[in-house]
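Let's walk through this protein together, beginning with the overall fold and ending with a few individual side chains. Keep the structure open beside you as you read.

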Amino acid sequence: MSGVLLWVNCGPKENAGYLLGRVRAQRRCREWSGISFASGVSAFSSAIAEPSRSSEERVYEVVLKQAALVREQRKVTERALILDKPIEGDFTNGNLLNAAYDRCGEVCAEYAKTFYLGTQLMTPERRRAIWAIYVWCRRTDELVDGPNSSHITPKALDRWEKRLTDVFDGRPYDMYDAALSDTVSRYPVDIQPFKDMIEGMRLDLRKSRYNNFDELYLYCYYVAGTVGLMSVPVMGIAPESQASTESVYNAALALGIANQLTNILRDVGEDARRGRVYLPQDELARAGLSDDDIFCGRVTDKWRNFMKGQIKRARMFFDEAEKGVSELNSASRWPVWASLILYRQILDSIEVNDYNNFTKRAYVGKVKKLLTIPAAYGKALLGAQKMAKR
């Protein structure tokens with residue numbers, strides 16, 4: 001994988017400066033009937049201060065705040081016109097902002113091919129915005145999982161968070177930042193899920209075990225559930241949807257949790273070789289297993305039974321996620337379905353490998369991936385037809 005430091009430094013400084021001015025000029029007022037974008041931050045901070053609450057309760061409070069922002073957006077019909085308005089203006093230096101979005105698309109196409117193809121059905125404006133969010137998430141993940149991860153310190157993550165704040169304030173550092181800064185000026189995207197993802201990176205620096213699923217759930221929210229909360233405002237909720245905004249956000253959160261649980265189950269052996277165990281310690285103990293069993297890579301009946309339970313839970317989150325996909329804007333459903341179907345098939349592959357996720361990597365072959373695209377498209381169309389009949 002390409003190192004994030006390459007991405008951070010690409011592009012001449014004068015280009016970033018030009019984009020900085022352009023993004024600032026485009027920044028609009030972001031108040032929605034008295035709702036402050038800082039409300040999500042304070043709510044989550046207060047939730048963290050109450051350790052007696054479960055992780056799901058603490059995360060749900062963030063969900064409610066994000067849903068409130070989008071709910072207000074849906075009430076303002078004038079805003080809908082702005083959301084699908086093309087990026088405009090006479091750009092010098094080769095239309096740099098458009099070039100920044102195009103660069104984000106290239107990164108998405110290289111590292112998330114199936115998802116990238118799915119975004120082709122979205123409107124150009126929404127598609128570009130999703131690319132910008134994807135690139136920021138990838139760069140953030142690369143900080144702790146990329147080739148330069150050994151040099152990353154908590155202070156480096158603090159600087160990355162400060163940079164994020166600057167991006168939301170219209171002060172991008174490079175072309176990728178400029179694309180994201182423009183995106184958050186056009187859509188009611190809150191900064192809190194982005195900050196929470198950085199918090200997940202901090203956990204990776206200091207924590208390699210999770211005592212129970214409550215702890216693991218919070219980690220999964222930080223590193224993956226946040227992506228759903230970032231994306232819903234851009235993907236949009238179908239005007240004809242009768243579902244509550246909160247339920248759509250819950251489904252998006254569930255998809256992120258399901259994807260991360262799948263990553264964890266797929267990468268047990270790889271993580272063990274790095275000294276990490278992302279499985280609930282209490283559940284391992286109840287199954288008669290320990291870290292030693294994982295480090296030794298023993299596929300026993302105990303391990304198979306344990307894995308069956310873990311896979312069942314991941315599938316439950318996928319089932320929850322499915323409830324919300326059909327409520328999204330019709331043009332946004334295809335890439336989400338593609339991601340959901342693809343990741344569910346990884347769980348199938350673990351089973352095919354007889355639960356040996358120590359030395360065998362579960363993956364979806366090229367043929368199945370290609371078949372995923374029309375299958376996802378079919379589900380997207382079916383969802384649109386069902387909604388039309390309501």
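A good place to begin is with how the chain meets itself: among contacts in the protein with a separation of 6 or more, 79% join residues 24 or more positions apart. Please keep in mind that you are looking at a predicted model. Its secondary structure consists of 19 helices and 0 strands.

Next, consider what is covered and what is open. The protein has 390 residues, and 56% of them count as buried. On the outside, about 17000 Å² is exposed, with carbon and sulfur atoms supplying 53% of that area.

Now zoom in on one spot on that outside. Leu121, Tyr377 and Leu381 make up a nonpolar surface patch, and together they have about 250 Å² of accessible area. To find Tyr377, look along helix H19, which covers residues 366–388. How exposed is Tyr377? Its relative accessibility is 36%, so Tyr377 counts as partly exposed, since that class lies between 20% and 50%.

From the surface we can turn to a residue inside. Cys108 has 0% relative accessibility and therefore counts as buried. Does that cysteine sit far from or close to a partner for a bond? The closest cysteine sulfur belongs to Cys104, and it lies 9.2 Å from the sulfur of Cys108, too far for a bond. A disulfide would need the two sulfur atoms within 2.5 Å. For the structure by this rule, the count is 0 disulfides.

Conventions:
Residues are numbered from 1 along each chain as its sequence is written. This is a predicted model: local features need pLDDT of at least 70, side-chain atom pairs count only at pLDDT 80 or more; totals for chains, interfaces and linings use all residues. Side-chain values use heavy atoms; hydrogens and water are left out. Patches are made of residues with over 30% relative accessible area and no salt bridge: like charges are joined within 9 Å, nonpolar side chains (Val, Leu, Ile, Met, Phe, Trp, Tyr) within 5 Å. Accessible areas come from the Shrake-Rupley method with a 1.4 Å probe; for residues, only the protein chains shown count as cover. A salt bridge is a side-chain nitrogen of Lys or Arg within 4 Å of a carboxyl oxygen of Asp or Glu. Helices (H or I, at least four residues) and strands (E, at least two) are DSSP runs, numbered from the N terminus. Buried means under 20% relative accessible area, exposed over 50%, partly exposed in between (1.4 Å probe, protein chains only). Contact means heavy atoms within 4.5 Å.
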